[in-house]
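Hello,

Here is the structure I promised to pass on. Please have a look, then read my notes below.

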Amino acid sequence: PVTIGEAKHVWYGGLVQNEYEFMEFVKNPIYYPVLIMAEEKDEPVHLAWLSNMEDNHAFVHHCPIGSYRRGVGEFTLNFWKELFGPLGLKILLGLTPETNKGAIKFLKHLKFNIIGTVPNLCNMAYEGCRTGGVLSYLIL
């Protein structure tokens, strides 16, 4: 299950705050979640999802569960490309709080192009403040 600490980090705007809200999130048809499992232990290691899918693009979200696993980001991108590419998905968009340095490093590792930072774009609901949002994209 998603812990409160993980929820605060991943759903920084306050969308998911407990297990019930997480289940409602997963069942919502506007999100396309993927849960990556570790073969050796049969336990989840990464949660990712697409949102706001329309025309040829969607917003992408990633959340490692526990420590980072090499290759999981690339695996997820290839999965989406194979699943949704034939339906016209060509561009993934990202919006990341500028304070989340680990996520920004992960975006760069996955070859996302950083457009820039929009000041005060991200509502950090748990901290009671706003921070800049780093806009990024990846052409599939």
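The structure holds 1 salt bridge. Bear in mind that this is a predicted model. The bridge joins Lys 27 to Glu 24. Their closest N and O atoms are 3.2 Å apart. Both residues sit in helix α2, which covers residues 19-27. They are 3 residues apart, about one turn of the helix. Side chains of opposite charge can pair when their charged atoms come close.

Is Lys 27 buried or exposed? Lys 27 is exposed, because its relative accessible area is 56% and the cut-off for exposed is over 50%. Glu 24 has a relative accessible area of 35%, so Glu 24 counts as partly exposed.

Now the nonpolar side. The largest nonpolar core has 19 residues. Leu 50, Val 60, Leu 77, Trp 80, Leu 89, Leu 92 and Phe 112 have the most contacts inside it. Which elements each supply at least two residues of this core? They are the strands β1 (32-38), β2 (43-54) and β3 (57-64), plus the helices α3 (72-84) and α4 (101-109). Helix α3 gives the most, with 4 residues.

Apart from this core lies another, of 7 residues. Among them are Val 16, Phe 22, Leu 47 and Cys 63.

One residue of the largest core deserves a look on screen: Leu 50. Leaving aside residues up to four places away in sequence, Leu 50 touches Ile 30, Tyr 31, Tyr 32, Ala 58, Phe 59 and Val 60. Leu 50 also touches Trp 80, Phe 84, Leu 89 and Leu 92.

Best wishes

Definitions and conventions: Residues numbered from 1 in each chain as written. Predicted model: local features only at pLDDT ≥ 70, side-chain atom pairs only at ≥ 80, totals over all residues. Heavy atoms only, no water. Core = buried A, V, L, I, M, F, W, Y, C linked by side-chain atoms within 4.5 Å. Buried < 20%, exposed > 50% of the residue type's maximum accessible area, 1.4 Å probe, protein only. Contact = heavy atoms within 4.5 Å. Salt bridge = Lys/Arg side-chain N within 4 Å of Asp/Glu carboxyl O.
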